[in-house]
Structures are given as C-alpha cells and as structure tokens.
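Q: Please take a close look at one part of this structure. Explain how it is joined to its surroundings, and then place it within the whole chain.

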Amino acid sequence: MKRDIVIILITIITLAIIYLFTLRGLIYIHTNEFKKAKFFVEYLPSSFPLDPESQLWNKLKIQKVHLFPQSARIPYGTDERDIFVRAAYNDSEVVFILEYEDSTKNVGGFVNPDAAAILFVKKNSPETKQMMGYGAKANIWHWLADRNFQKYKQGKKYINVVRELIAQGPGTQIEMTVQNVKGKGIYKNGKWKIVFKRELKSKYEDEFELGPGIPFEIAFAQWEGQKMESFSKKSISILRTLIWERK
Ligand SMILES: [Ca+2]
C-alpha cells in the first residue's frame with residue numbers, strides 16, 4: 001500500500017515537471033516569435049485576379065506561418081499546423097493567397113466547413129490575443145468552404161465567400177454591413193488554395209484603411225471541418241508586424 005502511494009506520488013511529480021517544461025517551452029516560443037515576427041506584402045504593379053491558381057502568384061515569395069492550437073478559450077484548438085501565404089498590393093488593392101494541406105475537403109453537411117481567416121489590428125494596440133482582438137478593434141476576413149461551394153459550384157452569385165467582421169475581443173465579432181472582401185478557394189491534390197482580396201481604401205466606418213505607412217499587425221487562423229472545428233476551436237498564428245515592401 002505504502003509502495004503504491006510512493007509510485008503514485010512519483011508519477012504525479014514527473015508529470016508535473018514534464019507539464020511545466022512543456023509550458024515553459026511554449027511560452028518561450030511564443031515570446032520569441034512574437035518579438036521578431038514579420039509578414040511581408042510585396043508591391044506588384046498588376047491587376048489581381050481572384051484565381052488561386054494564377055501564375056502571377058509565383059512571382060511572390062512564400063511565407064510559412066506556424067499555427068498553434070487556440071488555448072485561451074474553450075473549446076480549444078486541436079493541432080499545430082503550417083500554412084503558406086503570399087501577399088501583394090498594387091495602387092488600389094491588396095491580395096493574400098493562403099495555401100495549406102488538408103486531407104479532407106469539407107464544404108458542410110455532416111461536418112463543419114473548412115475555413116480560414118486573416119486578422120488585422122493596429123500596431124501597438126492593447127495586446128491582441130487569440131485572433132479576435134482584445135481591447136482593440138480588429139478587422140477579420142473569414143473565408144468559409146461552404147459559402148465557396150455555394151457561390152462557385154452552385155452558382156449563388158450573391159453569396160459573400162469571405163465574411164468581413166469587426167471584433168473587439170473574443171466572442172464580439174459582428175459582420176460589417178458593407179462587405180468588401182472578395183475570395184475564392186480551390187481544393188486540389190489534398191490542398192486548399194485561397195485568395196482574399198480587398199481595396200486598400202476603406203469603404204465603411206469600422207473598416208481599416210490599408211497600405212504602406214499605416215502600421216498594422218496581422219494574424220492567421222484555420223479551422224479543420226473534419227475535426228468539427230469552428231469558432232474558438234481553431235489553430236492560430238501569433239501576431240506579426242505587417243511590412244509593405246516596395247523595392
Ligand atoms: Ca478539411
């Protein structure tokens with residue numbers, strides 16, 4: 001009996017030590033990445049198609065963005081993942097092309113739709129965590145595979161494939177009354193490729209003006225429909241400083 005208690009105690013202490021080291025490691029990774037993280041938008045003097053497979057995107061550098069399971073709010077995210085992002089602006093528009101592996105094409109039905117999002121928040125705002133803004137207004141572009149299917153496969157032209165949202169902390173997101181982000185996703189060879197596009201100029205009160213000289217931070221999120229992910233059950237990146245490059 002006494003021996004059993006000792007074994008249980010040793011097991012608990014060992015697990016506690018492993019947990020603390022893992023946690024410390026994660027905090028270290030987050031802190032270090034947070035300090036140096038940047039995301040680049042390249043100047044590309046061309047009109048931007050909505051086609052995720054356009055050859056034009058090959059001119060842009062691909063940036064790997066690591067995602068962590070959302071861990072601040074129940075239900076938590078499930079996985080660490082990588083997505084690959086290209087981005088460009090011209091004199092009137094900005095475009096982001098997201099690409100990531102997904103072994104299942106989920107466009108609704110019995111499971112949730114696959115989805116991805118981009119968040120913008122003004123730099124040096126009160127600390128913004130977990131994608132939805134935190135004491136500071138955020139703009140969110142939320143692409144959904146079911147809407148994508150309805151628009152491009154079922155011909156429902158009036159559907160916005162990307163929801164443009166405003167948020168000021170988790171659970172506060174509301175859809176803007178004017179929707180200005182266009183999007184299109186293609187699923188091929190076990191990968192989603194998604195284009196998000198918007199005019200740099202703001203067309204709505206709470207919509208941010210984007211472009212060089214305006215300091216912003218950016219983050220990305222992804223939901224795997226097959227794992228019934230939606231809302232806070234997602235994988236998210238840390239915030240990165242948005243750099244508008246002009247060579
Ligand atoms: Ca999926």
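A: In the closely examined part, Q63 stands opposite V85 in β3. Residues are numbered from 1 along each chain as its sequence is written. The model is predicted: local features need pLDDT of at least 70, side-chain atom pairs count only at pLDDT 80 or more, and totals for chains, interfaces and linings use all residues. Here pLDDT is the predictor's confidence in each residue, from 0 to 100.

The part in question is strand β2, residues 63-69, which pairs with strand β3, residues 81-89, in the antiparallel sense over five bridges. Two strands pair if DSSP finds at least two bridges between them. Strands (E, at least two residues) and helices (H or I, at least four) are DSSP runs, numbered from the N terminus. β2 also pairs with β12, again in the antiparallel sense, over two bridges; there P69 stands opposite S235.

Before β12 (235-236) comes a loop that starts from β11 (216-223), and Q226 lies in this loop. Q226 is partly exposed because 13 other C-beta atoms lie within 10 Å; a residue is buried with 20 or more such atoms within 10 Å, exposed with 12 or fewer, and partly exposed in between, C-beta atoms being placed from the backbone. Leaving out residues up to four places away in sequence, Q226 touches T104, N106 and V111. A contact means that two C-beta atoms, placed from the backbone, lie within 7 Å. Although Q226 and K105 are 121 residues apart along the chain, their C-alpha atoms are separated by 8.2 Å.

The whole protein chain has two helices and 13 strands. Of its 247 residues, 35% count as buried. Among contacts between residues at least 6 apart in sequence, 62% join residues at least 24 apart. The largest nonpolar core, a set of buried Ala, Val, Leu, Ile, Met, Phe, Trp, Tyr and Cys residues joined through C-beta atoms within 7 Å, has 51 residues, and V95 is one of those with the most contacts inside it. β5 gives the most to this core, with seven residues. Beyond its neighbours within four places in sequence, V95 is in contact with F48, A87, A88, V195, F196 and K197.

As to confidence, the chain averages a pLDDT of 88, and 86% of the residues score at least 70. Over residues 24-32, however, pLDDT stays under 50. Where pLDDT is low, the predicted coordinates should not be read in detail.
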